[in-house]
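Reader: I would like a close look at one part of this model, starting from a charged pair and working inward. Please go through it residue by residue, and then place it in the whole chain.

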Amino acid sequence: YYKARTPNELAAYFGAMPTFGNDEAGAVARQKHMAKFIAASLCTESGEPLMTLAESELILGGLKFEIVNIIAIGSSEIGDAGKG
(Lines give C-alpha, C1' and ligand atoms only; values in the text may rest on other atoms or scores of the structure.)
Protein backbone atom coordinates (compact mmCIF):
# COMPACT_ATOMS: atom_id res chain seq x y z
CA TYR A 1 0.00 0.00 0.00
CA TYR A 2 1.06 3.60 -0.49
CA LYS A 3 -0.29 7.05 0.22
CA ALA A 4 -1.22 8.75 -3.03
CA ARG A 5 0.88 11.85 -3.59
CA THR A 6 -0.76 15.04 -4.76
CA PRO A 7 0.31 16.69 -8.03
CA ASN A 8 2.14 19.36 -6.00
CA GLU A 9 3.99 16.73 -3.96
CA LEU A 10 5.02 14.89 -7.12
CA ALA A 11 6.15 18.15 -8.73
CA ALA A 12 8.24 19.03 -5.68
CA TYR A 13 9.81 15.56 -5.61
CA PHE A 14 10.66 15.39 -9.31
CA GLY A 15 11.59 19.07 -9.48
CA ALA A 16 14.28 18.57 -6.86
CA MET A 17 15.98 15.69 -8.71
CA PRO A 18 17.85 17.84 -11.29
CA THR A 19 19.32 20.00 -8.53
CA PHE A 20 21.59 17.18 -7.37
CA GLY A 21 25.02 17.19 -8.97
CA ASN A 22 26.39 14.53 -11.28
CA ASP A 23 29.16 13.64 -8.86
CA GLU A 24 29.29 11.11 -6.03
CA ALA A 25 27.68 13.52 -3.55
CA GLY A 26 24.82 14.15 -5.99
CA ALA A 27 24.26 10.42 -6.46
CA VAL A 28 24.09 9.94 -2.69
CA ALA A 29 21.69 12.89 -2.34
CA ARG A 30 19.42 11.42 -5.06
CA GLN A 31 19.33 8.05 -3.26
CA LYS A 32 18.47 9.77 0.03
CA HIS A 33 15.78 11.84 -1.71
CA MET A 34 14.19 8.68 -3.12
CA ALA A 35 14.41 6.95 0.27
CA LYS A 36 12.64 9.86 1.96
CA PHE A 37 9.86 9.80 -0.66
CA ILE A 38 9.44 6.04 -0.26
CA ALA A 39 9.39 6.17 3.56
CA ALA A 40 6.75 8.92 3.45
CA SER A 41 4.64 7.05 0.89
CA LEU A 42 4.65 3.32 1.67
CA CYS A 43 2.18 2.34 4.35
CA THR A 44 0.18 -0.50 5.81
CA GLU A 45 -3.45 -1.08 4.86
CA SER A 46 -4.47 1.11 7.82
CA GLY A 47 -2.19 3.98 6.71
CA GLU A 48 0.62 3.46 9.23
CA PRO A 49 4.16 3.96 7.89
CA LEU A 50 5.56 0.71 6.48
CA MET A 51 9.21 1.55 7.14
CA THR A 52 11.48 4.15 8.59
CA LEU A 53 13.74 6.41 6.56
CA ALA A 54 16.74 4.36 7.69
CA GLU A 55 15.08 1.17 6.44
CA SER A 56 14.15 2.72 3.11
CA GLU A 57 17.75 3.86 2.62
CA LEU A 58 18.75 0.18 2.59
CA ILE A 59 16.67 -0.53 -0.54
CA LEU A 60 18.84 -1.06 -3.62
CA GLY A 61 19.07 1.98 -5.91
CA GLY A 62 17.35 0.40 -8.93
CA LEU A 63 14.51 -0.87 -6.77
CA LYS A 64 14.08 2.58 -5.20
CA PHE A 65 13.62 4.00 -8.69
CA GLU A 66 10.96 1.38 -9.50
CA ILE A 67 9.07 1.97 -6.24
CA VAL A 68 9.05 5.73 -6.78
CA ASN A 69 7.70 5.21 -10.31
CA ILE A 70 4.92 2.91 -9.07
CA ILE A 71 3.88 5.50 -6.48
CA ALA A 72 4.01 8.37 -9.01
CA ILE A 73 2.07 6.50 -11.69
CA GLY A 74 -0.47 5.18 -9.20
CA SER A 75 -0.95 8.62 -7.68
CA SER A 76 -1.54 10.12 -11.13
CA GLU A 77 -4.05 7.40 -12.06
CA ILE A 78 -6.10 8.00 -8.91
CA GLY A 79 -7.10 11.39 -10.29
CA ASP A 80 -9.15 13.60 -7.98
CA ALA A 81 -8.90 11.07 -5.13
CA GLY A 82 -5.15 11.68 -5.01
CA LYS A 83 -5.43 15.46 -4.80
CA GLY A 84 -6.58 15.69 -1.19
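Author: Glu9 is partly exposed, with a relative accessible area of 34%. That value, like the others below, is computed from a predicted model. The side chain of Glu9 meets the side chain of Arg5 in a salt bridge, with 3.6 Å from N to O. Arg5 has a relative accessibility of 13%, and it counts as buried because the cut-off is under 20%. The salt bridge therefore joins a buried residue, Arg5, to a partly exposed one, Glu9.

Arg5 has a second polar partner to consider. Its side chain makes a polar contact with the side chain of Ser41, at 3.3 Å. Ser41 sits in helix α2 and is buried, with a relative accessible area of 0%. If residues up to four places away in sequence are not counted, Ser41 touches Tyr1, Tyr2, Lys3, Arg5 and Ile71. The C-alpha atoms tell a similar story for Ala4: Ser41 and Ala4 are 37 residues apart in sequence, yet 7.3 Å apart in space.

The next step inward is the aromatic residues. How many aromatic pairs does the model contain? The count comes to 2. One joins Tyr13 and Phe14 in an edge-to-face arrangement, with 4.8 Å between the ring centres and 80 degrees between the planes. Tyr13 is buried at 5% relative accessibility, while Phe14 is partly exposed at 36%. The other pair joins Tyr13 to Phe37 and is tilted, with the centres 4.4 Å apart and the planes at 35 degrees. This pair links distant parts of the chain, since Tyr13 is in helix α1 and Phe37 in helix α2, 24 residues apart. Both Tyr13 and Phe37 are buried. Through these ring pairs, Tyr13, Phe14 and Phe37 make up a cluster.

Tyr13 and Phe37 also belong to the largest nonpolar core, which has 13 residues. They are among the members that touch the most other members, along with Ile38, Leu42, Ile67 and Val68. Helices α1 (7-16), α2 (24-41) and α4 (61-78) each give two or more residues to this core. The largest share comes from α4, with 4 residues. Ile67 shows how core members meet: leaving aside its neighbours within four places in sequence, it is in contact with Ile38, Leu42 and Ile59. In soluble globular proteins, nonpolar side chains tend to be buried together.

Back to charge. What is the total of salt bridges in this model? There are 2. Besides the pair of Arg5 and Glu9, the side chains of Glu57 and Lys32 meet in a salt bridge of 3.7 Å, N to O. Glu57 lies in helix α3 (residues 53-57) and Lys32 in helix α2, so this pair ties together parts that are 25 residues apart in sequence. Glu57 is partly exposed, at 32% relative accessibility. Lys32 is partly exposed too, with a relative accessible area of 44%.

As for the whole chain, the protein has 4 helices and 0 strands, in the pattern α-α-α-α along the sequence. Its radius of gyration is 13 Å, close to the 12 Å that the globule rule gives for 84 residues, so it is as compact as a globular protein of that length. Along the principal axes, the C-alpha atoms fill a box of roughly 40 × 25 × 15 Å. Of the 84 residues, 31% count as buried. Among contacts between residues at least 6 apart in sequence, 62% join residues at least 24 apart. The pair of Tyr13 and Phe37, 24 residues apart, is an aromatic link between helix α1 and helix α2. On the polar side, Ser41 of helix α2 reaches Arg5 through its side chain, and Arg5 in turn meets Glu9 in the salt bridge where this account began.

How values were computed:
Residues numbered from 1 in each chain as written. Predicted model: local features only at pLDDT ≥ 70, side-chain atom pairs only at ≥ 80, totals over all residues. Heavy atoms only, no water. Core = buried A, V, L, I, M, F, W, Y, C linked by side-chain atoms within 4.5 Å. Buried < 20%, exposed > 50% of the residue type's maximum accessible area, 1.4 Å probe, protein only. Contact = heavy atoms within 4.5 Å. Salt bridge = Lys/Arg side-chain N within 4 Å of Asp/Glu carboxyl O. Phe/Tyr/Trp six-rings, centres within 6.5 Å; stacked < 30°, edge-to-face > 60°. Polar contact = N/O pair within 3.5 Å; in protein donor to acceptor, adjacent residues only side chain to side chain. Rg over C-alpha atoms; globule rule 2.2 N^0.38 Å.
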